[in-house]
Amino acid sequence: MTGTTSESGLHLPRYLREDASLRTPVGFPDYKSTGLRAPLRTPVDLPHRLTELTGPVLGEDRITAQDADLTLRNGGEAVGQRILVYGRVLDSDGRPVPDALVEVWQANAGGRYRHVVDVFPAPLDPHFDGLGRVVTDSLGRYEFMTIKPGAYPWGNHHNAWRPAHIHFSLFGRAFTQRLVTQMYFPDDPLFGQDPIFNSIPPAARHRAISSFSLERTVDNWALAFEWNIVLRGKDETPFETEDDGDVA
């Protein structure tokens with residue numbers, strides 16, 4: 001991201017970039033696997049060293065327009081409801097963050113990831129790999145064309161299903177400057193029983209949910225959902241901590 005690390009807000013000490021009362025906990029009893037990987041001691045923010053403040057800086061030529069369209073892969077079109085996911089990456093005072101690398105990954109329309117450990121018996125889509133990336137423009141804007149992911153079971157508790165969601169990863173100037181979060185869809189009936197969503201303090205949960213936009217919906221083509229990502233401050237988007245990286 002442009003400017004210094006502190007201007008981007010990606011790797012400031014946590015107490016400077018978020019309201020502690022709205023912080024998603026590293027360990028959450030209802031989310032069972034956090035009990036196995038949560039740290040036993042309070043995490044410590046380490047100071048930056050030279051290798052963390054310099055490259056790699058990804059060149060714009062390495063990202064193509066095709067990377068932002070997840071519906072077209074391997075010479076065919078993905079199955080499912082097309083959606084346009086768009087928004088802005090913002091700093092704490094509403095300033096846009098340009099040149100941020102935004103990556104997404106998600107399940108297909110049947111709720112299955114293209115991953116060797118995903119054995120959910122939903123069909124794989126040969127024309128959907130669930131991966132995309134884009135670089136924000138000068139106004140901090142990003143945009144993806146994809147399909148709405150399906151819900152899927154994940155074994156956390158009896159009859160456990162994850163709400164439809166898309167994983168987001170944001171990179172700064174170096175790969176150590178990374179934030180990971182998830183975007184949900186409005187009015188999902190599975191919110192109430194999902195411990196990952198409910199690990200977010202109630203006052204901040206709305207920040208993880210996208211908004212439907214009829215204005216940006218593409219006539220005869222794709223529904224549109226807006227989701228802005230705020231890096232820090234009172235309106236900060238809920239982010240996964242370094243030790244709470246859900247991959248489901």
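Which residue is the bridge partner of S211 in β12? The legends below refer to a predicted model, and the second of them gives the answer.

**Figure 1. Overview of the chain.** The secondary structure comprises five helices and 13 strands. Of the 248 residues in the chain, 47% are buried. Among contacts with a separation of 6 or more, 72% are made by residues 24 or more positions apart. The exposed area of the chain is about 12,900 Å², and 56% of this area is supplied by carbon and sulfur atoms.

**Figure 2. Strand β12 and its two pairings.** E226 in β12 is the bridge partner of S211. This bridge belongs to the pairing of β11 (residues 211-212) with β12, which is antiparallel and has two bridges. Strand β12 (residues 223-226) also pairs with β3 (residues 82-90), here in the parallel sense and over four bridges. Within that parallel pairing, V85 stands opposite F225. Strands of a sheet pair through backbone hydrogen bonds, in either a parallel or an antiparallel sense.

**Figure 3. The annotated segment, residues 85-113.** UniProt, in an unreviewed entry, places the feature "domain: Intradiol ring-cleavage dioxygenases" at residues 85-113. Over this stretch the chain is 38% strand and 0% helix. The C-alpha atoms at the two ends of the segment are 19 Å apart.

**Figure 4. The open sheet β5-β4-β9-β10.** Four strands make up this open sheet, and their pairing is antiparallel. Strands β5 (131-135) and β10 are the edge strands, each pairing on one side only. On average, neighbouring strands of the sheet are turned by 20° against each other, direction ignored. Strand β4 (residues 101-105) is joined to β9 (residues 165-171) by five bridges, with E103 opposite S169 of β9. Five bridges also join β4 to β5 in an antiparallel arrangement, and in β5 the residue opposite L101 is V135.

**Figure 5. The two faces of edge strand β5.** In a regular strand, side chains alternate between the two faces of the sheet. Strand β5 shows this alternation. G132 and V134 point to one face and are buried. L131, R133 and V135 point to the other face and are not buried.

**Figure 6. Side-chain contacts of Q182 in strand β10.** Q182 is found in β10 (residues 178-184). Is this residue buried or exposed? Its relative accessible area is 5%, which is under the 20% cut-off, so Q182 is buried. The side chain of Q182 makes a polar contact of 3.2 Å with the side chain of R162. Another polar contact, of 3.0 Å, joins the side chains of Q182 and E240.

**Figure 7. Two loop residues with positive phi.** D99 lies in the loop between β3 and β4. Its phi is positive, about 60°, although D99 is not a glycine. With a relative accessible area of 39%, D99 is partly exposed. N220 is found in the loop between β11 and β12. N220 also has a positive phi, of about 65°, and is not a glycine. The relative accessible area of N220 is 72%, so this residue counts as exposed.

Definitions and conventions
Residues numbered from 1 in each chain as written. Predicted model: local features only at pLDDT ≥ 70, side-chain atom pairs only at ≥ 80, totals over all residues. Heavy atoms only, no water. UniProt positions renumbered as here; feature names shortened; annotations may be inferred. Pairing = 2+ DSSP bridges. Buried < 20%, exposed > 50% of the residue type's maximum accessible area, 1.4 Å probe, protein only. Contact = heavy atoms within 4.5 Å. Areas by Shrake-Rupley, 256 points an atom, 1.4 Å probe, with all protein chains shown as cover. Polar contact = N/O pair within 3.5 Å; in protein donor to acceptor, adjacent residues only side chain to side chain. Axes fitted to C-alpha atoms, helices over the stretch in contact; angles between N-to-C directions.
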